[in-house]
Amino acid sequence: MLYQISRFIEQWFSSFKTGSEAFGVGFWNPLTWIIAFIIAFLIVYIIRGMGKSEYKEKTEQTKVFLSGNPEAEKEKMHVKASNVYWGFLETLKWLYKGLDKMHNGNVSDYVLWFVIILGVALLLIGGI
Amino acid sequence: MNGELDLIAEMLKHSPALIVAIPLLGAFLTPLIGKINDKIRNAFAVFIVALTSFFVFLLANDILSNGSIHTYVFGGGPALTEGGFAVRILFEVDGMNAFMAIIASILALAGVIYSWAFMKENTGLDKYYTLILLMIAGMFGMILTGDMFNFFVFLEIASISACALIAFRTNQGKAVDAGFKYIVISAIGALLILFAIALLYSQYNALNMAVLAREIQLTFLDKIALALLIAGLAMKAGIVPMHMWLPDAYGRAPASVTILLVGATQASLYGALRMTSTLYGKNIIAVLKHVDFDLFGQSVVFDITLNGVLGFIILLLAILTIFIGVLMALKETNFKRMIAFAAIAEIGYMILAIGSAFLAVASIDTVTSSAILSQPGYMALKGGIFHILNDALDIGLLFLVAGAIYYATKETSLNKLGGLARNMKYTTIFFLIGLFAVAGMPPLNGFASKILIYESTYQVNPILSIIAILCSILLLAVFVKVFHSAFLGPKQEKFDNVKEAPKSMLIAMGIIACLIIFIGLFPEYVLNNIVTPAADALVNFGNYIHEVDSNYVISLIGGF
Amino acid sequence: MIYQIPYIAVVALILIGLYAIIFRRNLIKMVIGITLIESGVNLFLITLAFQKDSTAPIYHGSETGLTMSLPVPHALTLTSIVIGVAVTALMLTLVIHIYKHYQTLDARKIGMEGDEE
Amino acid sequence: MSGMSRIVKTVTNITFPLVLIYGLYVIAHGHLTPGGGFQGGAVVASGLAMILVAYGSVWTMKKINEKHLSALESLGALGFIGLAFLGLIFGTWFFNNYLVGNEILFGEIGRGAANIYTAGVIPLMNFAVGLKVIAGLFAIVLVMAYATRLKEGK
Amino acid sequence: MSLRNSVAVIFFLLIAIFFVFSAFITHPFGEFNNENSPEMDQYIIDNTQNETGADNGVTSVVFDYRGFDTLGEATVLFTAVAGVIILFRRLKK
């Protein structure tokens with residue numbers, strides 16, 4: 001599994017190789033990227049152009065249909081920042097509980113973390 | 001013509017001192033000039049910082065093009081008195097110092113120009129500009145100095161002025177609280193750094209970095225001093241799990257101060273790099289312990305070396321830093337605190353590369369007295385140093401954008417923002433540039449350094465680069481969320497009369513955005529001309545010593 | 001052994017300061033702890049200055065060849081004392097402000113970074 | 001607050017000149033005897049703090065407020081860094097002690113005998129730093145005392 | 001005793017052990033031998049009268065040999081004064 005992932009990443013890197021020394025193994029040229037972006041934009045523009053053109057303002061077409069419910073006004077339609085990635089945060093609740101306990105605004109806890117790291121560093125550098 | 005040349009040479013000779021002395025002079029003059037007129041005072045501050053940046057670029061141009069090292073002895077005389085010890089304080093500027101000085105000058109210029117309009121309706125602006133100039137002087141002093149105790153002094157100058165500026169909005173309780181946390185943290189860190197300096201002084205009776213690097217023997221006291229220095233400077237650099245002061249401070253400070261705090265943080269990171277790679281450079285591959293035991297018949301024999309231990313510690317902290325920074329940023333709803341967590345993640349990328357570089361130190365060339373790295377390790381070092389520059393620019397730009405939004409709407413909570421792209425077009429464009437740059441989107445500078453880090457760490461250990469890439473994707477997600485909730489969305493009538501940010505703020509943002517695009521388009525130019533000399537300066541620690549002590553012969557201690 | 005006692009005192013001061021910062025909740029006591037660490041480091045610096053049967057590094061005339069205590073640690077201690085005064089003044093200022101805002105000095109009750117106020 | 005009792009004020013009036021003279025002596029002889037700009041400045045600032053305690057912060061703030069003090073401190077700091085810059089101009093190095101050796105001012109090489117006319121720029125720097133420290137420390141104490149004063153009716 | 005305090009005590013004792021041990025292997029109080037002979041300070045003691053003209057060695061170090069540190073020190077005091085004044089400033093409105 002891990003080997004496959006590493007193979008994949010290797011191929012991904014090798015796709016950059018055009019033999020430049022400055023970037024060691026891989027190489028990337030910004031201009032090629034910009035050209036690629038322009039081409040992609042053109043393709044998107046063409047596809048958009050192929051869409052239906054009979055579009056009338058202020059008709060049934062533009063009505064929002066929320067399964068028959070009345071449409072909320074524009075203010076409420078905006079998804080708040082704390083609701084974005086709701087599922088992600090819900091899944092990792094167990095992790096965020098610990099992280100929030102870590103980030104209480106207590107100065108002596110901050111210093112305690114420093115003391116812990118100092119102890120580990122002393123143990124690893126001086127203790128060995 | 002000849003006179004002009006002499007003038008240039010004189011300025012070049014004295015520039016290391018003037019880079020620190022001019023902001024100090026400006027800071028001492030500002031309270032007197034502030035009595036005249038506000039506009040004159042602001043212009044004076046901008047002029048002082050511009051003059052400093054001019055000297056920085058004069059010095060950096062010479063150093064990076066010729067690969068020379070400048071030393072400046074305060075009070076004159078030779079660097080070393082007979083007997084081979086440095087009595088006077090001296091600045092020593094090599095490629096790494098010049099590189100960091102360039103970053104600091106860019107950030108300082110942007111911050112001061114930005115303050116012109118951003119802080120207009122605040123009181124006590126004389127002292128505000130005084131502290132800004134003092135903080136800039138402290139940053140440059142930390143970066144340029146070649147003397148341990150002088151490093152501590154300038155660290156304290158930067159910390160104290162930064163603390164007073166973080167608590168600038170004294171009507172907000174949390175701003176004052178953040179300032180208190182910052183001063184407590186930095187006071188403890190600085191005092192333990194001073195303890196380490198005293199430990200070194202007690203053995204070698206020297207305070208000069210080059211002389212200490214020549215003398216150092218890696219006794220037990222040196223190991224304790226190294227641990228103290230690393231821990232203290234890592235805390236000042238905001239490395240997880242010692243990072244909690246950073247979101248508070250970054251989030252509560254005015255944006256024009258935050259961009260300088262970024263510079264101060266990276267100056268601390270530079271300090272950690274200098275201490276480990278130059279001060280202990282001679283002993284970097286010293287064997288701490290020779291392990292030899294039997295495991296199921298076959299005997300296990302290996303050496304625990306200093307660079308292995310350091311690389312292990314740094315990589316451990318780097319993984320923690322990237323993960324926790326990104327995850328907290330994903331959850332955060334306060335704009336500036338979120339950018340602060342993203343900044344922590346970016347710092348994680350740097351030390352990830354630096355840790356891989358430490359692991360990659362193979363041996364020490366006793367002729368040129370320089371560390372010999374494997375190719376991916378050297379590339380990782382270059383990528384990490386390159387990423388320092390990119391991170392400063394990207395995070396700085398994002399903080400300035402956040403400040404512009406706060407200036408326009410007096411609002412930092414992303415839940416209350418929305419639909420600002422209609423009113424603030426240029427700000428939106430700058431934010432998009434910063435977004436793509438921070439997330440490492442290909443045409444911009446973030447990718448240029450991140451691909452180096454990915455490749456090199458992949459050759460050290462694939463898992464590291466996988467984690468780095470995943471977290472980079474999460475970082476993009478974070479800022480897409482910001483873009484969605486702050487700039488997109490329907491028009492909100494409470495923001496109907498929101499105007500575009502004033503000119504000086506746009507100028508400051510524009511400078512950084514242009515630099516980002518330039519570095520993104522010509523990464524190899526920057527890499528070859530600015531980053532590589534800095535990496536070489538870190539690797540060839542012998543040059544740093546030779547510049548002070550010309551007849552220095554490396555004497556490796558036992559265990560090689 | 002007897003000659004190590006000053007260093008023991010230094011370490012004791014530093015550790016007492018760290019203890020006060022970690023285990024005490026009162027902000028004023030944290031400030032006191034920081035000043036204790038600082039005085040410990042200053043004591044260490046000034047301890048390094050002493051040389052056996054030496055006088056203060058001040059000439060009273062043109063005599064030479066005296067054993068004098070080392071002048072550099074004195075200068076370093078002076079600097080770090082002044083820096084400590086500055087840090088302490090600023091910390092106390094901030095403590096005053098914190099008390100004005102939160103009406104308490106308990107480190108656990110202040111500065112819970114949550115939503116905006 | 002209207003300060004402390006008459007006894008305290010009287011004692012302060014008597015002792016303050018002595019403290020002032022002693023501090024100025026320490027500043028002036030910084031290059032010959034123990035002491036210097038910082039120490040002497042601290043002594044004088046403690047004398048001023050004594051006046052502050054005796055007469056109360058409001059009265060002191062009426063006499064001299066922190067703007068004057070910060071201006072004074074800026075002057076001291078400017079004198080200090082100005083001397084350093086003069087070293088750059090005359091002695092061709094920043095912080096060069098350009099006065100020592102030549103007979104302009106404080107120029108003699110001191111071979112003991114407590115000759116005050118020695119040590120180049122060091123006495124001047126002592127004076128500059130002394131002024132700076134007096135103003136700075138007193139400004140800190142005064143501002144903190146004034147901000148935390150007991151208001152009437154509380 | 002809560003988890004936090006127990007962890008704190010453990011690492012506190014760890015640091016204490018290292019510091020106390022380092023205190024025992026520092027060079028004895030006031031004894032200098034060939035390894036750590038104070039050359040730099042001896043140089044200052046010998047030359048303070050010739051080079052700086054000051055009888056007071058400490059002042060010659062503070063203002064001449066390490067004058068730049070003193071500038072930084074004065075700057076720190078200046079910074080503290082500016083910080084205290086700016087924090088107790090009069091806010092508008």
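Here is a short chat about how some labels in this predicted model are earned.

Author: Two bits of housekeeping come before the questions. This is a predicted model, in which local features need pLDDT of at least 70, side-chain atom pairs count only at pLDDT 80 or more, and totals for chains, interfaces and linings use all residues. Residues are numbered from 1 along each chain as its sequence is written, chains are lettered from A and ligands numbered from 1 in the order in which they are written, and side-chain values use heavy atoms, with hydrogens and water left out.

Reader: Okay, why is B:Asn390 called buried?

Author: Buried means under 20% relative accessible area, while exposed means over 50% and partly exposed lies in between (1.4 Å probe, protein chains only). B:Asn390 has 0% relative accessibility, so it counts as buried. You'll find B:Asn390 in helix α13 (residues 375-409) of chain B. Helices here are DSSP runs of H or I with at least four residues, strands are runs of E with at least two, and both are numbered from the N terminus.

Reader: What is B:Asn390 in contact with, leaving aside its neighbours within four places in sequence?

Author: With those neighbours set aside, B:Asn390 touches B:Asn445, B:Ser449 and B:Ile519. Contact means heavy atoms within 4.5 Å.

Reader: What makes chain B agree with a compact globule?

Author: The radius of gyration is taken over C-alpha atoms, and the globule rule is 2.2 Å times the number of residues to the power 0.38. For 560 residues the rule lands near 24 Å, and chain B has 23 Å, so the two agree. Along the principal axes, the C-alpha atoms of chain B fill a box of roughly 75 × 70 × 45 Å. Buried residues make up 75% of the chain's 560 residues. Take the contacts in chain B between residues at least 6 apart in sequence: 78% of them join residues at least 24 apart. As for secondary structure, chain B has 19 helices and six strands.

Reader: How do you know that β3 and β4 of chain B pair?

Author: Two strands pair if DSSP finds at least two bridges between them. Strand β3 (residues 287-295) and strand β4 (residues 298-305) of chain B share eight bridges, in the antiparallel sense. One of the partnerships is B:Asp294 with B:Ser299 in β4(B). Their hairpin has two residues between the strands, and B:Phe296 takes a positive phi near 50° there.

Reader: And what makes β5 and β6 of chain B a pair?

Author: Strand β5 (residues 361-365) and strand β6 (residues 370-373) of chain B are antiparallel over four bridges. B:Val361 stands opposite B:Leu373 in β6(B). This hairpin has four residues between its strands, and B:Ser369 in the turn has a positive phi of about 45°.

Reader: Why is C:Leu18 called buried?

Author: C:Leu18 has 1% relative accessibility, so it counts as buried. The residue belongs to helix α1 (residues 5-23) of chain C. Beyond its neighbours within four places in sequence, C:Leu18 contacts A:Val111, A:Val115, C:Ile37 and E:Phe12.

Reader: Last one: why does E:Thr52 count as buried?

Author: E:Thr52 comes out at 0% relative accessibility, so buried is the right word. E:Thr52 is in helix α2 (residues 39-52) of chain E. Its contacts outside the neighbours within four places include D:Asn97, D:Val100, E:Ser60 and E:Tyr65. E:Phe19 is 33 residues from E:Thr52 in sequence, and their C-alpha atoms are 39 Å apart in space.
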